[in-house]
Amino acid sequence: MAKKNRKPKAKQRTENQRAENPEIDAKILQESVAEASKKVNVLSRLPLPQQKAHIRQLLIEIGTNVSINDNDPTGDGDQNPIASLPQRDVARHLFSSGGDVEQHLAKQALSKFALGCAVGSLKAVGDMVKDAVKVEARPYSRSEKMLTLLETRETSLRLSPLLLIVSAGKNIIGERQDFQGVSKLLLKYGASPVAKDVFGKTVCHYGAGAMATKMTLDVVDMCIHAAKTHHMFGKEIQLHSLNTQEMNGKVGIVGGFDSDTGRRSVFLQDDQREVWIKTENMSLTRSNNESPSYPLLTDVQDRLGSVSLHEVCLPRQFSCGTERVDVAEFLLEKHHTCIHTKEMDGVSPFQMTSGMGQMIGATGVAKLIMESATREARETTKVKRQNKLCCANCKKGLDRDAPSCSRCNISRYCGRECQVSHWKDHKKECKDLASLSLGVKLDPPNKMKMNLPGGRSHFGMSYKTGTRNSDGIKYRKPCNVEHDKKFVVKVQASRDDNFGSIYIYDQSRTCEFFINSGQSGFQDILTEIRNEPAWQGQKTFMKASFDRSGTCTVYPETTGVKLHYTW
């Protein structure tokens, strides 16, 4: 007889204790952080050789394959996710400490080229690049010597020259430093704007986080633009749509990025010369068509699943002590960084700054996050409306007065020919669409009870105040709205699908009630809530009305978020 899989008794007891007492999880977190801090703090007392050995051992402990890193001196090495919470805590502390970077600088244990980049010496770096190109044949994007110069990883954190600029360079202040100029030079000759360190961190993690400076943001900005076309680097392309007709059709190899013009170098193989071309005038040749473009650099996650926006959203006591609204504006307003990226512990910047997971105040960074969510929601609503204003058959755009199906009054058509052609597909959904346009009637108040986790229930609780309403559930029209007139309501649902209630209320809170799973309209409303990206599927707005008998009807097809819906 096969043995049943059973958990060890000690492990089972621990899980039962956690379920009964959530404070155990908090204790485990605290112990993990304390242990990580203890392991990393040892570094400050060690000389450089012992620092390097200790960091290597820590990297092995967090699951890094150091052999892969040893065999990839100019690449990103092992980028597998860091699996467990204790391992991630060690990685966070090691990154925050700077590892052995400071010691490498102090002891001048870097290569001459890396040191020149780290201290922002444009002349020294420029001279070494000139010496390299004198003896190298073009295209430089396929030169091993240039690759070694521009991409060799140094220090135990495996920093490329560009990463050294935004990590070590921001701590060096002087009149002779020109970090922006060095960065432009590196990118021009083909340095990778998407290089990652031993933790998977990019220039964004180093230069657009809580410790960002104007210089690092300038360098990150260059790299973000360069990364958009870096998938073409070293690849064969064909030129097209140029004003100089004889250039169209020529084939070349793509090289570095010019930050001032946004152009990339192209080495024309037949002409044996280099030209600088806008990327919209290049197409990858057929053999290179499978090269995928890079995602937005600010959205690239490290081995912990984090982006730099996570760090910017941390409370002041966990970051640099100052709320970095300027960095949040750079990430959100200038580069439209995603606010819903979840790190490996399951938390997104949006969750850190809103609702139950709010970690900082409702101003500054949190306000910018919510404004980004609102913009995102408006775009979603706009797309929904655009989709509605097109022919259901041929998808041609339509005017608002275009004819619609007389039964559902939702599907629109160019004319009778398209409507007849589409009927075979449309008849399957017409009835459901018709019921949506007429709205969904909700159950009367005597059936309403809010279902809470653990089988508990509660009548008339306010999500905002956490208190009971004095007159019970307010299943009625708002005071300033007439019968059968539509008004806007906010509908909210918990992240937990087992928490089977939806909270519905108007801006005045004179209409305020719950509906439960299994009740009429529950699933229709929940579907629209889950489809709303602005609040990660937790709430949205739609219209409702009350007839003279006191029955509420909601209209899920009116779902949307507008700028003036701020309550």
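**Legends to the close-up views**

**View 1. Cysteines without a disulfide.** The sulfur of Cys511 lies 5.9 Å from the closest cysteine sulfur, that of Cys552, and this is too far for a bond, a disulfide being a pair of cysteine sulfur atoms within 2.5 Å. Cys511 is buried, with a relative accessible area of 1%, where buried means under 20% relative accessible area, exposed over 50% and partly exposed in between, using a 1.4 Å probe and protein chains only. The model shown is predicted, so that local features need pLDDT of at least 70 and side-chain atom pairs count only at pLDDT 80 or more, while totals for chains, interfaces and linings use all residues. Residues are numbered from 1 along each chain as its sequence is written, and side-chain values use heavy atoms, with hydrogens and water left out. A search of the whole structure finds 0 disulfides. Cys394 is likewise in no disulfide, and the nearest cysteine sulfur to its own, that of Cys414, is 3.4 Å away. Cys394 is partly exposed, with a relative accessible area of 40%.

**View 2. An open sheet of 5 strands and the helix that packs on it.** The strands of this open sheet follow the order 4-3-2-1-5, with antiparallel pairing; two strands pair if DSSP finds at least two bridges between them. Its edge strands, each pairing on one side only, are strand 4 (273–278) and strand 5 (282–284). From one strand to the next the twist averages 45 degrees, with axes fitted as lines to C-alpha atoms, for helices over the stretch in contact, and angles running from 0 to 180 degrees between N-to-C directions. Strand 2 (residues 251–257) and strand 3 (residues 263–268) run antiparallel and are joined by 4 bridges, and Ile253 stands opposite Phe267 in strand 3. Helix 11 (residues 179–188) packs on the sheet, where it touches strand 2 and strand 4, and its direction makes about 160 degrees with that of strand 2; contact means heavy atoms within 4.5 Å.

**View 3. Helix 5 and the glycine just after it.** Helix 5 (residues 85–97) has 13 residues and reaches 18 Å from its first C-alpha to its last, close to the 18 Å expected at 1.5 Å a residue, the expected span being 1.5 Å times one less than the number of residues. Its buried residues are Gln87, Arg88, Asp89, Val90, Ala91, Leu94 and Phe95. Just after helix 5, Gly98 takes a positive phi of about 85 degrees. The protein has 19 helices and 13 strands, which are DSSP runs (H or I, at least four residues, for helices; E, at least two, for strands) numbered from the N terminus.
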